[in-house]
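This report describes one protein model for a reader who has not seen it before. Please look over the sequence and the structure before reading on.

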Amino acid sequence: MEEIGFLGIGIMGRAMAVNLLRHGFKVTVWNRTLSRCDELVQHGASVGETPAAVIKKCKYTIAMLSDPAAALSVVFDKHGALEHICAGKGYIDMSTVDADTSSQISQAITSKGGSFLEAPVSGSKKPAEDGQLVILAAGDKDLYDQVVPAFDVLGKKSFFLGQIGNGAKMKLVVNMIMGSMMNAFSEGIVLADKSGLDPHTLLDVLDLGAIANPMFKMKGPAMIKNSYPPAFPLKHQQKDMRLALALGDENAVPMPVAAAANEAFKKARSLGLGDHDFSAVFETLSK
């Protein structure tokens with residue numbers, strides 16, 4: 001493949017860009033705080049001073065940004081991606097945003113002759129480091145086919161879901177389920193503890209039953225120790241719950257469980273836990 005641009009070197013973006021470099025891709029990176037790119041330079045990356053500079057240099061550019069506002073800013077602001085998008089350039093936004101944001105970016109990119117793919121991912125820090133993400137792509141099928149070699153490095157499976165917005169919607173549904181599960185899991189751990197049961201035994205029982213899953217197995221032991229190293233920051237989980245609830249409003253889908261989970265994440269943010277892992281919602285119950 002041609003050289004790949006990468007915009008956004010946060011928890012996820014850093015791991016993804018490093019994987020591309022380790023597998024022989026040439027990568028030019030940019031981050032709003034440019035010093036975050038220094039580690040990537042040690043792995044062989046080049047640095048672009050602005051998103052526009054990265055777009056100008058690279059045929060394909062991936063964006064992995066924190067929220068809809070950041071995703072729009074990188075495209076539309078001065079020295080943004082839109083300044084150098086043209087025919088022959090592909091822009092792949094892997095951020096978790098709502099379908100409307102994705103559509104705005106798609107229309108802007110394609111209006112200048114570029115091609116656009118939304119490709120949010122299911123998975124957090126460890127799957128990103130291990131190249132085990134699940135990629136939920138939608139938009140330009142030709143662009144999808146061209147960047148599959150990069151997706152094969154970044155993830156264990158990529159899906160092409162059709163028209164723009166479908167990738168964003170699928171990601172929000174997945175994260176809504178995940179956030180609701182985390183709240184039920186937290187309640188269960190606290191209930192077991194307050195009832196005189198050993199929470200570690202609860203984890204063993206869950207791991208042998210029908211609801212065994214990697215999230216419980218990975219997060220549970222640390223939660224019992226009140227430890228929440230950020231693999232997926234709680235503030236981003238709450239953002240995704242909010243966007244999923246808005247999607248429910250658009251489609252007249254009642255979501256009482258997700259709504260209650262969102263309130264718990266909001267409470268956790270009010271306690272100053274936004275930069276902790278989303279499992280820190282446990283603190284709203286355990287204290």
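The text below covers the empty spaces in the model, then its nonpolar cores, one helix and one annotated span.

**Pocket and cavity**

The model is predicted. Its largest pocket has a volume of about 1,200 Å³. The lining of this pocket is made up of 45 residues, and Met12, Gly123, Ser124, Ala231 and Phe232 are the closest to the pocket centre. Two or more lining residues come from each of helix 1 (11-22), strand 7 (121-122), helix 8 (166-194), helix 10 (214-224) and helix 11 (234-250). Helix 8 gives the largest share, six residues.

A search of the whole structure finds one cavity of 30 Å³ or more. Its lining consists of Asp93, Ser95, Val97, Ser102, Ile105, Phe116, Glu118, Pro120 and Ala168. Helix 5 (99-111) and strand 6 (115-118) are the elements that give two or more residues to this lining.

The table sets out the volume and the lining classes of the two spaces.

| Space | Volume | Nonpolar lining | Polar lining | Charged lining |
|---|---|---|---|---|
| Largest pocket | about 1,200 Å³ | 21 residues | 15 residues | nine residues |
| Largest cavity | about 40 Å³ | five residues | two residues | two residues |

**Nonpolar cores**

The largest nonpolar core has 35 residues. Phe6, Met16, Leu20, Val29, Ile92, Met94 and Phe151 have the most contacts inside this core. Strand 1, helix 1, strand 2, strand 4 (60-63), strand 8 (133-139) and helix 7 (141-154) each give two or more residues to the core. A second core, separate from the largest one, has 30 residues, including Leu172, Met176, Leu245 and Ala280.

Which residues does Met94 touch, leaving out those up to four places away in sequence? They are Met16, Ile62, Ala63, Met64, Ala119, Pro120, Val121, Ile135, Phe151 and Leu154. Of these, Pro120 also lines the largest cavity, while Met16 and Phe151 are among the residues with the most contacts inside the largest core.

**Helix 4**

Helix 4 spans residues 68-76, and its buried residues are Pro68, Ala70, Ala71, Ser73, Val74 and Val75. Among the elements that cover these buried residues are strand 1 (4-7), strand 2 (27-30), helix 3 (51-57), strand 5 (90-93), helix 5 and helix 11.

**Annotated span**

An unreviewed UniProt entry annotates residues 165-283 as "domain: 3-hydroxyisobutyrate dehydrogenase-like NAD-binding". In the model this span is 69% helix and 0% strand. The C-alpha atoms at its two ends are 34 Å apart.

Note on methods
Residues numbered from 1 in each chain as written. Predicted model: local features only at pLDDT ≥ 70, side-chain atom pairs only at ≥ 80, totals over all residues. Heavy atoms only, no water. 1 Å grid on protein atoms, 1.4 Å probe; cavity = no way out; pocket = protein on both sides within 12 Å on 5 of 7 lines; lining within 4 Å. Points joined across faces, edges and corners; volume = space filled by probe spheres on them. Helix = DSSP H or I, 4+ residues; strand = E, 2+ residues; numbered from the N terminus. Nonpolar A, V, L, I, M, F, W, Y, C, P; charged D, E, K, R; others polar. UniProt positions renumbered as here; feature names shortened; annotations may be inferred. Buried < 20%, exposed > 50% of the residue type's maximum accessible area, 1.4 Å probe, protein only. Contact = heavy atoms within 4.5 Å. Core = buried A, V, L, I, M, F, W, Y, C linked by side-chain atoms within 4.5 Å.
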